[in-house]
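Trainee: I am new to this structure and would like to go through it with you. Where shall we begin?
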Amino acid sequence: MDADGLSRLLTPDGWALLSALPPYDERLAMPLGERLRAEGLHPSLVAAALTQSRLRGKARAKLGDFADGMLFTPAGLEQATRLEVGAHHARRYRDAGLAHVADLTCGIGADALAFAGVGLRVTAAELDEMTAAIATVNLRHFPEVEVRHTDGLTLDLTGVDGVYADPARRAGGSRVFDPAAYAPPLDAVLAVRERVPALGLKLGPGIAHRDLPDDARAQWVSVDGDVVELGLWFGPLAPEGPGRSALVLVGGQPHVLAPDEVAHAHVGEVGTYLYEPDGAVIRAGLVGDVALEVRGRLVDPTIAYVTSDELAATPFATAYRVLDRMPFGLKRLRTYLRERGVGRLTIKKRGTAVVPEQLRRQLDLRGDATGTIVLTRVAGHQTVLVVEPVGDEVTSTNAPGGS
Ligand SMILES: C[S@@+](CC[C@H](N)C(=O)[O-])C[C@H]1O[C@@H](n2cnc3c(N)ncnc32)[C@H](O)[C@@H]1O
C-alpha cells in the first residue's frame, strides 16, 4: 500500500468500502477488484482496501476482533506483539504503579494498544512515516495515546515513568541477529534505564544469554508451544529481581516458571516417561527445573529431554509414555514399524543430524497405524525411543502454575 492508497482509504468513502468488504478470500480477490474498478473506484483505493482486508484476516490470529478496525503493513503485522502477550507487558507497567509509558518503537501499535487498554497514558514513537500514520489510526479510540513520527531515542522523557522498546530485528526482509544492528541498537535502548529505571524490552528469543545484562529479569514467552519473544524487564518492572524465567501461555492460561535458583538435573536411565520441555523453558535454561518438578533426570547431559518414572502434570513440558527403545538403525527401525503397520509417523528429534523428512522417505511407511518416535542421544548413543503422547491422562488439577 502506498501513501496515495492510505490517504484514499482514510476518506469516509474509503473507510466505508473497507468495512463493507466480505471476509478476504484469495480466490475472489481478483474478480472483486475488477468489479470495484469497473464501478469507477480509483485503482489505488481498491488495491489498498483489498490489501488491508487480506492483512486484517491474517491479523485476527494475533489481535482477535481488534484486527477488524485496524490497518497494517505486512512488516508491521509480522512484528506486532500478540494481544495476549501485550497484555502481560502492560500488566507489568500497571502493577508497578506507573502512569505514563513511552513506547519508543511502536510499529503499527499492538503493544501500545495493550498499554492503553489497561489505562496507561502512552507516548508512542515510530520512525517510519507510513507505519506511524497507521499506528495513529489504530490507536484513535484512546485519547491518552499520542503517536509521534520520530526517532524514539530522541523523545523527551520528562514526565514519563516507564519506557518500552521493541527494536526492529529485520532489515531488507531478512532477520538481524547482531544486537548492535537492531533498530535502534540494543545498547542504545539499554542506556535509557539510566534515565528511566522502569525499562522493558521485547527481543527475539534466540539472543545469547551472554548478551543479556545482569540486572535484567529475562522472561522467554511461548504461546501454545511457539516461542515468541524474550522480554527484558528492569527496575520496578521486575519486582521479582534479576534472573531467568519462562512464561508459558497455553490456551490463554499463563504459567510462570521462575525458580529462585536454577536447578541442575542429573543424567540417568530412560524411564517410563519422556518429557519434552516447552521451548520457552529450554531457551530460559530451566530444563533442570522441569526435571525437578517431574522428579526426573536428563537422558543426556547436553539434550533437553527429561525422563522420569512418574507421570506428573506440568504445563512446562509435554509427556510421552516410552513404549520401546533401540539403537538407531534404518533397517531395524523400518522392520519395527512395518511389523506394526505404522503408516503415519510423527518424528521428533533432538541432538541428532537426522533429517525427519528424509528419514520418512527412507522408511517407506505402509499401514494404517500411527506412531511417534523420538530420535536422540542417550548416554552418548544415537537412540530411537518409541513413545505415545499421554495427553488427557494427566489432568491439570495438580498442575503448578500461576501468573
Ligand atoms: C518490532 S516493531 C514494533 C512492533 C510493536 N511493538 C507492535 O507490537 O506493534 C519495531 C518498529 O520500530 C521502528 N523503529 C526502528 N528504529 C526506530 C527508532 N529509532 N525510533 C522509532 N521507531 C523505530 C520500526 O520502523 C518498526 O516499525
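Mentor: Let us begin with one residue, Leu6, which is buried, with a relative accessible area of 7%. Please keep in mind that this is a predicted model.

Trainee: Why does Leu6 count as buried?

Mentor: The relative accessible area of Leu6 is 7%, and buried means under 20%, so Leu6 falls in that class.

Trainee: And what is the place of Leu6?

Mentor: Leu6 belongs to helix H1, which comprises residues 3-9. Its C-alpha atom is separated by 7.7 Å from that of Leu45, although the two residues are 39 apart along the chain.

Trainee: How many helices and strands are there in the protein?

Mentor: The protein has 13 helices and 18 strands. Its C-alpha trace spans about 65 × 55 × 40 Å along the principal axes. Of its 403 residues, 49% count as buried.

Trainee: How is the protein divided into domains?

Mentor: Domain 1 covers 3-58, domain 2 covers 77-255 and domain 3 covers 273-393. Between the C-alpha centres of domain 1 and domain 3 there are 48 Å.

Trainee: Changing topic, which residues come nearest to the ligand?

Mentor: Thr81, Glu126, Asp151, Gly152 and Asp166 come nearest, out of 21 residues around the ligand. The shell is made up of 10 nonpolar, 7 polar and 4 charged residues.

Trainee: What does Asp166 do at the atomic level?

Mentor: An N or O atom in the side chain of Asp166 is 2.8 Å from a nitrogen atom of the ligand. Backbone atoms take part in contacts as well: a polar backbone atom of Ala110 is 3.1 Å from an oxygen atom of the ligand, and a polar backbone atom of Cys106 is 3.5 Å from an oxygen atom of the ligand.

Trainee: How much of the ligand does the protein bury?

Mentor: The ligand taken alone exposes 600 Å², and the protein buries 92% of that.

Trainee: Let us turn to the backbone. Which peptide bond is cis?

Mentor: The bond from Ala183 to Pro184 is cis, with omega near -5°. Pro184 lies in the loop that runs between strand E6 (174-175) and helix H9 (186-190).

Trainee: What about phi at Asp224?

Mentor: Asp224 is not a glycine, yet it has a positive phi of about 45°. This residue is placed in the loop between strand E8 (217-223) and strand E9 (226-233).

Trainee: And what is phi at Asp364?

Mentor: Asp364 also has a positive phi, of about 50°, although it is not a glycine. The loop that holds Asp364 lies between helix H13 (356-363) and strand E17 (369-378).

Trainee: How accessible is Asp364?

Mentor: Asp364 is partly exposed, since its relative accessible area is 34%, and that class lies between under 20% for buried and over 50% for exposed.

Trainee: Does a record say anything about this part of the chain?

Mentor: An unreviewed UniProt entry carries the annotation "domain: THUMP-like" for residues 317-389. In the model, that span is 25% helix and 52% strand, and its end C-alpha atoms lie 12 Å apart.

Trainee: Where is Arg325 found?

Mentor: Arg325 is found in strand E15, residues 317-327. It is partly exposed, with a relative accessible area of 39%. The C-alpha atoms of Arg325 and Ala183 are separated by 48 Å, with their positions 142 residues apart along the chain.

Trainee: Now Leu298: buried or exposed?

Mentor: Leu298 is buried, with a relative accessible area of 10%. Its place is strand E13, residues 297-298. Leu298 and Val176 are 33 Å apart in space, C-alpha to C-alpha, and 122 residues apart in sequence.

Trainee: One last residue. What is the place of Asp161?

Mentor: Asp161 sits in the loop between strand E3 (145-149) and strand E4 (162-165). It is partly exposed, at a relative accessible area of 28%. Asp161 and Gly86 are 75 residues apart along the chain, and 18 Å separates their C-alpha atoms.

Notes: Residues are numbered from 1 along each chain as its sequence is written. This is a predicted model: local features need pLDDT of at least 70, side-chain atom pairs count only at pLDDT 80 or more; totals for chains, interfaces and linings use all residues. Side-chain values use heavy atoms; hydrogens and water are left out. UniProt positions are given in the numbering used here, feature names are shortened, and annotations may be inferred rather than shown by experiment. Helices (H or I, at least four residues) and strands (E, at least two) are DSSP runs, numbered from the N terminus. A residue is near a molecule or strand if one of its heavy atoms lies within 4 Å of it. A polar contact is a pair of N or O atoms within 3.5 Å; within protein, one must be able to donate a hydrogen and the other to accept it, and residues adjacent in sequence count only if both atoms are side-chain atoms. Accessible areas come from the Shrake-Rupley method with a 1.4 Å probe; for residues, only the protein chains shown count as cover. Ala, Val, Leu, Ile, Met, Phe, Trp, Tyr, Cys and Pro count as nonpolar, Asp, Glu, Lys and Arg as charged, and the others, Gly among them, as polar. Buried means under 20% relative accessible area, exposed over 50%, partly exposed in between (1.4 Å probe, protein chains only). Domain bounds come from an automatic or database domain assignment.
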